[in-house]
There are 4 protein chains.
Amino acid sequence: MPKPGISLEDLREKLAAFAAERDWDQFHNPKNLAMAVAGEVGELLEHFQWLTPDQAANLSAAAREEVALEAADVLLFLLRLCDKLDIDLAAAAERKLELNAKKYPVGKSRGRATKYDKL
Amino acid sequence: MPKPGISLEDLREKLAAFAAERDWDQFHNPKNLAMAVAGEVGELLEHFQWLTPDQAANLSAAAREEVALEAADVLLFLLRLCDKLDIDLAAAAERKLELNAKKYPVGKSRGRATKYDKL
Amino acid sequence: MPKPGISLEDLREKLAAFAAERDWDQFHNPKNLAMAVAGEVGELLEHFQWLTPDQAANLSAAAREEVALEAADVLLFLLRLCDKLDIDLAAAAERKLELNAKKYPVGKSRGRATKYDKL
Amino acid sequence: MPKPGISLEDLREKLAAFAAERDWDQFHNPKNLAMAVAGEVGELLEHFQWLTPDQAANLSAAAREEVALEAADVLLFLLRLCDKLDIDLAAAAERKLELNAKKYPVGKSRGRATKYDKL
């Protein structure tokens with residue numbers, strides 16, 4: 001059984017402390033943080049852009065660790081953004097999963113990558 | 001004290017079940033999922049692009065809920081990407097926080113938005 | 001009167017020759033190129049993410065040249081993507097301008113950043 | 001011989017007039033426009049994310065026209081961004097092509113998708 005790992009709430013708190021110690025709240029407004037999320041996603045994409053789907057699914061250990069740290073960057077700025085907007089990201093994810101279950105009923109969406117509004 | 005909320009591990013499992021029920025693993029390879037993360041981040045940005053920093057920090061309740069669900073989309077695809085690459089996102093986030101503490105020592109980075117390699 | 005500068009068609013040709021000389025057509029399929037565009041846009045964003053709108057509008061000459069080269073990267077991959085899809089980007093831009101004129105009539109959209117479907 | 005099509009300079013002028021008529025210069029500062037470029041690129045990616053490389057290279061006419069208009073959106077906001085920063089995008093693209101020729105000498109980069117700093 002996998003360990004639950006650090007919770008989003010604990011990460012959120014650590015990030016808030018990290019920023020406060022560095023006096024970074026002045027930079028961490030939601031508009032800036034949304035851009036920072038996107039900047040990190042750009043770096044994540046760069047790891048995959050020239051790989052075939054097969055190569056992308058079979059990264060070396062070194063490449064996988066680089067990707068892991070890029071994915072972490074995305075999560076950390078996303079959490080920080082949510083914190084600044086008083087959004088509970090874990091709760092939002094649960095709400096979204098429920099919405100997705102309605103938007104993508106198994107019968108209609110099975111085996112199809114079609115967007116819900118075209119199903 | 002805030003609730004810890006659903007764990008990343010629980011979300012990961014729910015997403016895997018959601019995709020399996022719909023036979024979506026055929027689409028969910030890492031390359032595609034990295035693109036999906038970026039697509040969702042684009043939608044997140046669109047909520048903020050024409051707002052001043054002040055407006056972005058003071059969203060209406062309706063806009064905030066829209067942003068919450070976009071942020072959730074980013075998280076869900078990010079988790080799914082990590083799952084497909086056998087990356088433990090919670091553990092990666094903890095590693096990245098430790099690395100950031102070294103890259104951005106308080107003394108050098110206090111009050112500055114400068115990237116670590118230019119500090 | 002400003003010079004017209006190099007045309008998109010000339011750029012497209014130069015890029016095709018550049019890729020052919022390096023045997024890069026094997027990497028330059030539309031899916032990969034769309035990701036490359038997004039990766040470059042991430043780098044573009046990183047120049048602006050921690051700046052206030054005023055700072056972003058008043059870059060130093062050095063920062064402006066960095067931004068110019070990032071913007072060029074976006075354009076070059078975008079042109080390459082269009083070339084691979086047999087899309088005439090200049091003609092598409094003209095079509096889009098005409099569509100935008102219909103979607104955003106002056107009377108309705110004056111002074112408003114509202115998306116056309118909510119006007 | 002393909003037509004040169006509308007020049008970037010003509011597009012830039014048309015966009016400036018379009019924004020002026022709608023009193024949109026108040027929204028079109030470089031920070032906002034950089035976000036808008038990224039938002040449009042997100043929409044571009046969504047067309048490709050679930051396609052195999054083969055499917056992405058063989059779009060239907062309808063899908064290709066949708067992609068053409070998304071690519072146009074990216075170009076239009078990119079041009080608008082450059083205009084607001086007094087960047088001549090056509091000239092920057094030429095400078096970048098020259099730089100790329102130095103960063104990626106044919107001998108070293110032939111048949112390899114490796115980034116220049118790892119060649």
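Select D:D73 and C:K96. Their side chains form a salt bridge across two chains, with the closest N and O atoms 2.6 Å apart. The model you are viewing is predicted. Side chains of opposite charge can pair when their charged atoms come close. Between chain D and chain C there are four salt bridges. The count of residue pairs in polar contact is 22.

**Stop 1: the rest of the D–C contact**

Now color the helices of chain D. Which of them gives the most residues to the side that touches chain C? Helix α4(D) does, with 14 residues. By class, that side of chain D has 48 nonpolar, nine polar and 18 charged residues.

Show both chains in full. Here 75 residues of chain D are in contact with 75 residues of chain C. The size of an interface is often given as the accessible area lost when the parts come together. Chain D and chain C bury about 6,000 Å² between them, and 72% of that lies on carbon and sulfur atoms. Next, pick D:R22, D:K31 and D:L97. In chain D, these lose the most area to chain C, together 10% of what that side buries.

**Stop 2: chains A and B**

Hide chains C and D. Lay chain A on chain B: a turn of 180° and a shift of 0.0 Å along the axis do it, with an RMSD of 0.0 Å. The two copies are thus related as by a two-fold rotation axis. Which residue of chain A comes closest to that axis? Select A:S7, whose C-alpha is at 2.9 Å.

The contact takes 76 residues from each chain, A and B. Of the interface residues of chain A, 99% are also interface residues in chain B, so the copies meet through the same surface. Together, chain A and chain B bury about 6,000 Å², 72% of it on carbon and sulfur atoms. On the chain A side, A:R22, A:K31 and A:L97 lose the most area to chain B.

Zoom in on A:D73 and B:K96. Their side chains meet in a salt bridge at 2.6 Å, N to O. The count between chain A and chain B is four salt bridges. Six helices of chain A, α1 to α6, each give two or more residues to the side that touches chain B. The largest share, 14 residues, comes from α4(A).

**Stop 3: salt bridges inside one chain**

Stay with chain A. Select A:D25 and A:K84. They form a salt bridge, with the closest N and O atoms 2.5 Å apart. A:D25 sits in the loop between α1 and α2, while A:K84 is in helix α4, 59 residues apart. A:D25 is partly exposed, at 33% relative accessible area, and A:K84 is partly exposed too, at 30%. Add A:E9, A:R12, A:R80 and A:D83. With A:D25 and A:K84, they are linked in a network of salt bridges.

Jump to chain C. Select C:D25 and C:R80, whose side chains meet in a salt bridge at 2.9 Å, N to O. Is C:R80 buried or exposed? It is buried, with a relative accessible area of 4%. C:D25 is partly exposed, at 33%.

Finish in chain D with D:R80 and D:D83. Their closest N and O atoms are 3.7 Å apart, in a salt bridge. Both lie in helix α4, three residues apart, so about one helical turn separates them. D:R80 is buried, at 3% relative accessible area. D:D83 is buried as well, at 19%.

Over all chains, a search of the whole structure finds 32 salt bridges.

Technical notes
Residues are numbered from 1 along each chain as its sequence is written. Chains are lettered from A and ligands numbered from 1 in the order in which they are written. This is a predicted model: local features need pLDDT of at least 70, side-chain atom pairs count only at pLDDT 80 or more; totals for chains, interfaces and linings use all residues. Side-chain values use heavy atoms; hydrogens and water are left out. Copies are superposed by least squares on the C-alpha atoms of residues with pLDDT of at least 70 in both. Contact means heavy atoms within 4.5 Å. Buried area is the accessible area (1.4 Å probe) that two parts lose on being put together, summed over both. Helices (H or I, at least four residues) and strands (E, at least two) are DSSP runs, numbered from the N terminus. A polar contact is a pair of N or O atoms within 3.5 Å; within protein, one must be able to donate a hydrogen and the other to accept it, and residues adjacent in sequence count only if both atoms are side-chain atoms. Ala, Val, Leu, Ile, Met, Phe, Trp, Tyr, Cys and Pro count as nonpolar, Asp, Glu, Lys and Arg as charged, and the others, Gly among them, as polar. Buried means under 20% relative accessible area, exposed over 50%, partly exposed in between (1.4 Å probe, protein chains only).
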